[in-house]
There are 2 protein chains.
Amino acid sequence: MQIQVAGTGICVPATVETADDLSGRIGRSPEWIRSRTGVAERRISERRMDVMAADAAREALGGVAPDLIVNASLTPVQLIPDSSVFIQRELGYSGIPSFSIHATCLSFLVGLHTVGGLLGTGAYRRILLVSSEQGSVCRDFDHPESAALIGDGAAAAVLTPTPEGHESGLLAWSMATFPEGASLAEIPGCGVANHPNSEGALPEHNLFRMNGPRIYKMAVRRVARLVSDLLEQARLEAGDIDWVVPHQASGPALKTLPRMGFSPERVVDVVGQYGNCIAASTPMALHTAVADGRIRRGDRVLMLGTGAGLSVAGMILRW
Amino acid sequence: MQIQVAGTGICVPATVETADDLSGRIGRSPEWIRSRTGVAERRISERRMDVMAADAAREALGGVAPDLIVNASLTPVQLIPDSSVFIQRELGYSGIPSFSIHATCLSFLVGLHTVGGLLGTGAYRRILLVSSEQGSVCRDFDHPESAALIGDGAAAAVLTPTPEGHESGLLAWSMATFPEGASLAEIPGCGVANHPNSEGALPEHNLFRMNGPRIYKMAVRRVARLVSDLLEQARLEAGDIDWVVPHQASGPALKTLPRMGFSPERVVDVVGQYGNCIAASTPMALHTAVADGRIRRGDRVLMLGTGAGLSVAGMILRW
């Protein structure tokens, strides 16, 4: 697939919440938070997800309008219209086709693969893909582990067909979804199953719950299989990968990657400073490593992660 | 784009609610309902959107598993995981990659175009696209016009690359989104803007509101432009279109199509019996016309509609 990431951008909310700040609200020590989740601090946004998204998008776009806007986020502004409309409004555009892709934490990866397919049709030439999350609104302080993981933030990428003379492209793609893990990470409300106005609806239905140990157990072999599949598709070995940009699920989750043959200094890790920003985590890590000069044209970049579902997905890009 | 709709399916909930049944709940006469919305009756589902989706999907699949499941619906089961996971679970599968596309009433059309792009990459060969809506849960009986429009239902399509010797394919695609219409059709809740647990959250935030006359006014010229664009892309005239399969927005909305040169008997109209089933409306109409033998291989099919945003989108398919 002949696609290139032409630009990236990020929005890091101003307010920092440290493990010390959070400790009292969840009844766990700062040490517990840091060791259990790997999150030393996170950002909390007072600005709405569409406003953060527009900030990140402006940086990625560099002043040139896209011809399609795809929102790839979990936390919506509201149920209708879909959030891409509010992001477009915040950017000051009108008339640009817009829609959303939702695969929880994997929304950005699924979005990147999907808009790659759309670029191939010729219908679009410059696609804005943006993930923006205000997960802090859905934190359940009675679930210390999940509440200690989540942070807010946004990041964006602009995708174009690979320009003449460049070698950028998608070398491999793989995804699988296992519904037997559906109850391991949930916001059970905000839909038809536990509609907020229905009898029996509870406030906790609208908050995030997860069973970290069971997800870890279910994911670890499936992620290893995903990595083998990707490397085989691209006819590469772990040592050929220049940068691994994983979903920032948790500190412990990131620590599993070196065991698959990737050296720790090649794994982009921002979970300590930003927490798990749901779909925005992967592009926030990606932008960080592009902006600081680690990722350069020609590099082989493996992006991968897990999401509620349980889903696993990954891709190898020639940058 | 060399794609073919290999199969379609539908789920029509058993419970019928007529204009007479609804009249008392919204304080309007049955005649008012029928003339204002064109909806004589609608179906109300006691079964969840994922259960309806699986029914429609089974009919479309005909016993052969897909290699990707795309949910293209507005009403989710819950906020996490995305509804595609529940649909896969209900179908009894595991391991099939699954995600959701959301463009309100246009989700099926946007989904069809998008999965066409994915088929082009070779990553998938048999994609299930399903729209299932339980909009009845979000009806606001204090807004008679919108409450009288909405109905429940589901429909699905299976997409494959065009088989050897067939001429099926996408002849034209167009979409545009105008955020200045964002407030004309809304469910303001179930997201971060009016989170159900937030101070100031109101039950009506979780219900559907729309301003039909203003949408009509904003949409009518934009739909006419969309149709011209599509016909020009495909180098066709209105008379060359065998079947028009529109989103079933309302009776009055469907009546605008003959004014654009399409004869009324060529417009597939199921709004009177099913109401506006949000994203499921277009594929329910499509399935109806395929199942009763109207749409046949080789026919030129124009599908189009409007959605909250305000968005307009359409495509011309060689069936």
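In this predicted model, strand S5 of chain A, residues 98-102, runs antiparallel to S5(B), and the two strands are joined across the chain boundary by 3 bridges. One residue pair fixes the register for the reader who wishes to find it on screen, since A:His102 has B:Ser100 in S5(B) as its bridge partner.

This strand pairing belongs to a wider interface, in which 62 residues of chain B are in contact with 62 residues of chain A. On the side of chain B that touches chain A, at least two residues each come from helix H4 (83-91), strand S5 (98-102), helix H5 (107-121), strand S8 (169-177) and strand S9 (185-186) of chain B. Among these elements, H5(B) gives the most, with 7 residues. Sorted by class, the residues on that side of chain B comprise 34 nonpolar, 23 polar and 5 charged.

Within chain A, the domain assignment gives domain 1, covering 3-161, and domain 2, covering 169-318. The centres of these two domains of chain A, taken over C-alpha atoms, are separated by 14 Å, and 45 residues of domain 1 are in contact with 41 residues of domain 2. Domain 1 of chain A meets domain 2 of chain A through several elements that each supply at least two residues, namely strand S1 (3-11), strand S3 (41-44), H5, strand S6 (127-133), helix H6 (144-149) and strand S7 (153-161) of chain A. H5(A) provides the largest share of this side of domain 1, 7 residues. By class, the side of domain 1 of chain A that touches domain 2 of chain A holds 20 nonpolar, 17 polar and 8 charged residues.

We can now turn to a sheet in chain A. Its 4 strands form an open sheet in the order S8-S13-S12-S11, with mixed pairing. Strand S8 (169-177) and strand S11 (243-246) of chain A are the edge strands, each pairing on one side only, and from one strand to the next the twist averages 10°. At one edge, S8(A) pairs with strand S13 of chain A, residues 311-318, in the antiparallel sense over 8 bridges, and within that pairing A:Leu170 has A:Leu317 in S13(A) as its bridge partner. Helix H5 of chain A, residues 107-121, packs on this sheet, where it touches S8, strand S12 (300-307) and S13 of chain A, and the direction of the helix makes about 55° with that of S13(A).

At the other edge, S11(A) and S12(A) pair in the parallel sense over 4 bridges, with A:Leu304 in S12(A) serving as the bridge partner of A:Pro246. Although S11(A) is an edge strand, both of its faces are covered, for A:Trp243 and A:Val245 on one side are buried, as are A:Val244 and A:Pro246 on the other.

A last feature of chain A is a pair of helices. Helix H1 (residues 19-26) and helix H2 (residues 30-37) of chain A pack at an angle of about 105°, and their axes lie 8 Å apart; the angle therefore makes H1(A) roughly perpendicular to H2(A). The residues that meet are A:Ala19, A:Asp20, A:Leu22 and A:Ser23 from H1(A), and A:Pro30, A:Ile33 and A:Arg34 from H2(A). By class, this contact between H1(A) and H2(A) consists of 4 nonpolar, 1 polar and 2 charged residues.

Terms used: Residues numbered from 1 in each chain as written. Chains lettered and ligands numbered in written order. Predicted model: local features only at pLDDT ≥ 70, side-chain atom pairs only at ≥ 80, totals over all residues. Contact = placed C-beta atoms within 7 Å. Nonpolar A, V, L, I, M, F, W, Y, C, P; charged D, E, K, R; others polar. Pairing = 2+ DSSP bridges. Axes fitted to C-alpha atoms, helices over the stretch in contact; angles between N-to-C directions. Parallel < 35°, antiparallel > 145°, perpendicular 65-115°, else oblique. Buried ≥ 20, exposed ≤ 12 C-beta atoms within 10 Å, placed from the backbone. Domains from an automatic or database assignment.
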